[in-house]
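New to this one? Take a quick look at the sequence and the fold first, and then use the notes below as a guide to what you are seeing.

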Amino acid sequence: MASKSEYEKKKPGVLQWILFILIPLILAATIALIIMVAAGIDVGGFAKKYANQVPGVSSLVSDEEKESGDVEQKRLTAAIESKDEQIEQLESELEAREADLEDLNEQINTLNQQLETKEEETEETASDPINDISTSFQNMEAERAAGILANLEDDTALAVMEQMSKKTLGEILGEMDADEAARLTNAYAAEEAQ
């Protein structure tokens, strides 16, 4: 029996068991956990996976995940609604700018038409040199106009004669040399016949 009492005396106590076995085990697990986190391993994911398999703990983990998932879903829903509002606002701004663009295009078309009209009016009212010469001859004395008309080239003289009134033309031709008046009259008649 003496041997039993010695063994019982030497039997490790709970304190020794905690000191020599449990503390080094906890320390080794902590160091391993730190190394795994530093290495980029998702330790929390593994813990949740195995915690979901343990009855009782799985209901706690699932509730936390549901709550965090609900919060995330609410945050994302709010973000989507905010973006939808921004899209609607931008679409309304786009429609307003397109309407402004259409108005400006209409104004451009109107101004282009006005410009074309003005150009046509300018062309019509532009001074025609033949018309100006014809008017000058009508305002001159017939004798002087006859001398000038006789010295013009035939094409120019005919163009001027076409612009004159018949009365003024007759007076000017009456003051010309007969041969010259006959030549211009024949050319004028030939041009009128065409």
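Let's start at Arg-75: this residue is partly exposed, because its relative accessible area is 48%, which falls between the 20% mark for buried and the 50% mark for exposed. Keep in mind that you're looking at a predicted model. The chain has 9 helices and 0 strands, and buried residues account for 12% of its 194 residues. The notes below go through the salt bridges, the nonpolar core, two surface patches and a couple of distances along the way.

**The overall picture**

- Reading along the sequence, you meet the pattern α-α-α-α-α-α-α-α-α.
- Helix H4 covers residues 57-125, and helix H2 takes in residues 14-38.
- Further along come helix H6 (142-151) and helix H8 (166-175), as well as helix H7 (residues 154-163) and helix H9 (residues 178-193).

**A salt bridge inside helix H4**

- Arg-75 pairs up with Glu-72 in a salt bridge, and their closest N and O atoms are 2.5 Å apart.
- Both partners sit in helix H4, with their positions 3 residues apart, or about one turn of the helix.
- Is Glu-72 buried or exposed, or something in between? Glu-72 is partly exposed, since its relative accessible area comes to 35%.

**A salt-bridge network around Arg-183**

- How many salt bridges are there by this rule? The count is 3, and the pair in helix H4, Arg-75 with Glu-72, is one of them.
- Arg-183 forms a salt bridge with Asp-154, with 2.4 Å between the closest N and O atoms.
- That pair ties together distant parts of the chain: Arg-183 is in helix H9 and Asp-154 is in helix H7, 29 residues apart.
- Arg-183 also meets Glu-180 in a salt bridge, at 2.2 Å from N to O.
- Arg-183 and Glu-180 are 3 residues apart in helix H9, so about one helical turn separates them.
- Put together, Asp-154, Glu-180 and Arg-183 make up a network of salt bridges.
- How covered are these residues? Arg-183 counts as partly exposed because its relative accessibility is 33%, and Asp-154 is partly exposed too, at 34%.
- Glu-180 is buried, because its relative accessible area is 18%, and buried means under 20%.

**The nonpolar core**

- Which residues have the most contacts inside the largest nonpolar core? They are Phe-137, Leu-149, Met-161, Ile-172 and Met-176, in a core of 16 residues.
- Helices H6, H7, H8 and H9 are the elements that each give two or more residues to this core.
- The top contributor is H7, which gives 4 residues.

**Two patches on the surface**

- One patch carries negative charge, and its members include Glu-81, Asp-84, Glu-85, Glu-88, Glu-91, Glu-95, Asp-100 and Glu-106.
- Take Glu-95 as an example: it lies in helix H4, and it counts as exposed because its relative accessibility is 55%, with the cut-off at over 50%.
- The other patch is nonpolar, with about 990 Å² of accessible area together.
- Val-14, Trp-17, Ile-18, Leu-19, Phe-20 and Ile-26 are among the residues that form this nonpolar patch.
- Phe-20 belongs to helix H2, and it is exposed, since its relative accessible area reaches 60%.

**Distances across the chain**

- Where is Ala-142 placed? Ala-142 is in helix H6, and it is buried because its relative accessible area is 18%.
- Ala-142 and Gly-170 are 28 residues apart along the chain, and 9.2 Å separates their C-alpha atoms.
- Back in helix H7, Asp-154 has another pairing to look at: its C-alpha atom is 8.0 Å from that of Ala-187, with the two residues 33 apart along the chain.

Key:
Residues are numbered from 1 along each chain as its sequence is written. This is a predicted model: local features need pLDDT of at least 70, side-chain atom pairs count only at pLDDT 80 or more; totals for chains, interfaces and linings use all residues. Side-chain values use heavy atoms; hydrogens and water are left out. Patches are made of residues with over 30% relative accessible area and no salt bridge: like charges are joined within 9 Å, nonpolar side chains (Val, Leu, Ile, Met, Phe, Trp, Tyr) within 5 Å. Accessible areas come from the Shrake-Rupley method with a 1.4 Å probe; for residues, only the protein chains shown count as cover. A salt bridge is a side-chain nitrogen of Lys or Arg within 4 Å of a carboxyl oxygen of Asp or Glu. Lys and Arg count as positive and Asp and Glu as negative; His and the chain ends are not counted. The place of a charge is taken as NZ of Lys, CZ of Arg, CG of Asp or CD of Glu. Buried means under 20% relative accessible area, exposed over 50%, partly exposed in between (1.4 Å probe, protein chains only). A nonpolar core is a set of buried Ala, Val, Leu, Ile, Met, Phe, Trp, Tyr and Cys residues joined through side-chain atoms within 4.5 Å.
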